[in-house]
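Visitor: I'd like to be walked through this one, and I'll keep asking how you know things.
Guide: Fine by me, let's have a look.

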Amino acid sequence: MTAFDYPQPAPIADWNRLLDGRVAVVTGGGTGIGGSISRLFAQHGAIIELIDIDASVAEEAVAEIRAAGGSARAHIADCREWDQMQTVGDTILADHPYVQVLVNNVGDYRPLERFRKSSPDSWKAMYDINFFAMVAATKTFLESMIAGGGGSIVNVHSVEGMRGYPGDPIYGAMKAASAKFSTDLALSMGRNGIRVNGIGPDLTQTPQVDYISTSVGSEHLWEAWAPVGRLGWPEDQARVALFLASDLSAFVTGHNIPVDGGTKAGAGWFYSPNEERFTNRPKGL
Ligand SMILES: NC(=O)c1ccc[n+]([C@@H]2O[C@H](COP(=O)([O-])OP(=O)(O)OC[C@H]3O[C@@H](n4cnc5c(N)ncnc54)[C@H](O)[C@@H]3O)[C@@H](O)[C@H]2O)c1
């Protein structure tokens with residue numbers, strides 16, 4: 001057997017249309033990170049089936065994608081509800097038997113409950129939105145991905161699942177569970193041609209996390225807050241999701257990439273513009 005007899009990576013037919021003709025389901029695909037993913041994937045030729053609980057943001061995304069010449073359809077559903085996911089799944093799979101890309105993006109840290117004030121109801125709420133929704137959508141579309149010969153699942157969790165998070169250990173645990181789910185599912189799915197990876201956002205301006213209005217007067221501190229020195233945008237997340245969804249990452253599976261401007265790598269180190277160096281002991285709050 002020569003090197004040429006071994007399976008090779010699929011050629012990239014068009015570098016400007018990395019998902020050409022692929023059916024991509026995006027949960028929470030109306031606005032924020034999911035909205036940017038829907039729009040960027042459509043620009044790269046994907047047929048977008050977005051699922052969102054908010055009809056107005058979903059319809060806005062669909063209208064924008066179509067106006068730009070792309071293909072998109074909105075399904076209004078709550079990804080925390082298994083029955084609703086089955087109904088949406090039936091609708092999507094009736095039109096496209098094979099889904100090639102699934103982005104599980106739905107998640108929320110709100111309402112933030114400190115553990116001492118938390119309750120079984122608040123624990124369940126964190127589970128439903130941050131983990132159950134991911135598992136439910138995966139189960140809904142996985143068989144169609146296998147039947148179609150494979151694809152890519154991209155799970156959006158959080159850097160807080162990849163480092164210590166003091167705010168709410170239940171949220172942090174659910175995001176860590178999502179990262180672990182991605183790694184574990186990847187192993188059993190590799191031979192079905194399905195790759196599973198996760199991204200862990202941080203510091204990204206969205207309707208859910210409004211860094212801009214909460215930074216008024218402290219904008220100069222972005223240099224200290226993020227090693228890359230700036231606020232993140234949904235497009236920063238969408239570009240990494242595109243890499244993971246497309247054949248660019250054909251040999252990458254089971255991994256979780258922090259898309260965080262370097263905060264996880266920084267791990268307690270802060271840049272001091274005054275001193276022109278990093279410090280692990282910022283002088284002042
Ligand atoms: N923005 C950040 O800095 C940041 C940081 C860490 C993790 N994340 C994670 O990234 C993901 C996206 O976050 P975002 O900031 O873009 O959120 P967002 O709230 O701004 O947008 C979420 C989208 O999902 C939809 N949605 C919400 N609940 C839904 C449900 N139950 N069913 C269907 N659709 C629903 C919303 O309508 C909206 O379109 C989440 O998993 C979040 O936890 C974001």
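Visitor: Where does glutamate 276 lie?
Guide: Glutamate 276 is in the loop between strand S8 (270–272) and strand S9 (277–279). Strands here are DSSP runs of E with at least two residues, helices are runs of H or I with at least four, and both are numbered from the N terminus. Bear in mind that this is a predicted model, where local features need pLDDT of at least 70, side-chain atom pairs count only at pLDDT 80 or more, and totals for chains, interfaces and linings use all residues. Residue numbers start from 1 along each chain as its sequence is written.

Visitor: Why is glutamate 276 called exposed?
Guide: A residue is exposed if 12 or fewer other C-beta atoms lie within 10 Å of its own, buried if 20 or more do, and partly exposed in between, with C-beta atoms placed from the backbone. Glutamate 276 has 7 other C-beta atoms within 10 Å, so exposed is the word. Its phi is also positive, about 55°, although glutamate 276 is not a glycine.

Visitor: And leucine 203, buried or exposed?
Guide: Buried, because leucine 203 has 21 C-beta neighbours inside 10 Å. Leucine 203 sits in the loop between S6 and helix H6 (222–225), and its phi is positive too, near 55°, in a residue other than glycine.

Visitor: What is the peptide bond from arginine 110 to proline 111, cis or trans?
Guide: Cis, with omega near -10°. Proline 111 belongs to the loop between S4 and H4.

Visitor: What makes proline 201 buried?
Guide: Proline 201 counts 26 other C-beta atoms within 10 Å, so it is buried. This proline is part of strand S6 (residues 194–201). Leaving aside neighbours within four places in sequence, its contacts (C-beta atoms, placed from the backbone, within 7 Å) are Ile33, Val156, Ser158, Val159, Gln237, Val259 and Asp260.

Visitor: How do you know that valine 259 counts as buried?
Guide: Valine 259 has 23 C-beta neighbours inside 10 Å, so it counts as buried. Valine 259 is in strand S7 (residues 256–259). With neighbours up to four places away left out, valine 259 is in contact with Ile199, Gly200, Pro201, Asp236, Gln237 and Val240.

Visitor: Why is strand S1 described as largely enclosed?
Guide: Because 5 of the 5 residues of S1 (residues 23–27) are buried, the rest of the structure largely encloses this strand. Val23, Val25 and Thr27 point one way, Ala24 and Val26 the other. In a regular strand, side chains alternate between the two faces of the sheet.

Visitor: What joins S1 to S2?
Guide: There are 5 bridges between S1 and S2, and the two run parallel. Strands pair if DSSP finds at least two bridges between them, so S1 and S2, with 5, are a pair. Alanine 24 stands opposite isoleucine 48 in S2. S1 is also joined to S4 by 3 bridges, again parallel, with valine 25 partnered by leucine 102. Further on, 4 bridges link S4 to strand S5 (residues 151–156), also parallel, and valine 103 faces valine 154 in S5.

Visitor: What makes up the largest nonpolar core?
Guide: A nonpolar core is a set of buried Ala, Val, Leu, Ile, Met, Phe, Trp, Tyr and Cys residues joined through C-beta atoms within 7 Å. The largest one has 63 residues, and Ala24, Phe41, Ile48, Leu102, Val103, Ala241 and Ala245 have the most contacts inside it. Helix H4 (residues 120–147) gives the most to this core, with 10 residues.

Visitor: Which residues surround the ligand most closely?
Guide: The closest are Gly28, Gly32, Gly107, Thr206 and Gln208, out of 30 residues around the ligand. To be near, a residue needs its C-beta atom, placed from the backbone, within 6 Å of the molecule. H1 gives the most to this shell, with 3 residues.

Visitor: How do you know that the radius of gyration agrees with a compact globule?
Guide: The globule rule is 2.2 Å times the number of residues to the power 0.38, and the radius is taken over C-alpha atoms. For 285 residues that comes out near 19 Å, and the protein has 20 Å, so the two agree.

Methods
Two residues are in contact if their C-beta atoms, placed from the backbone, lie within 7 Å.
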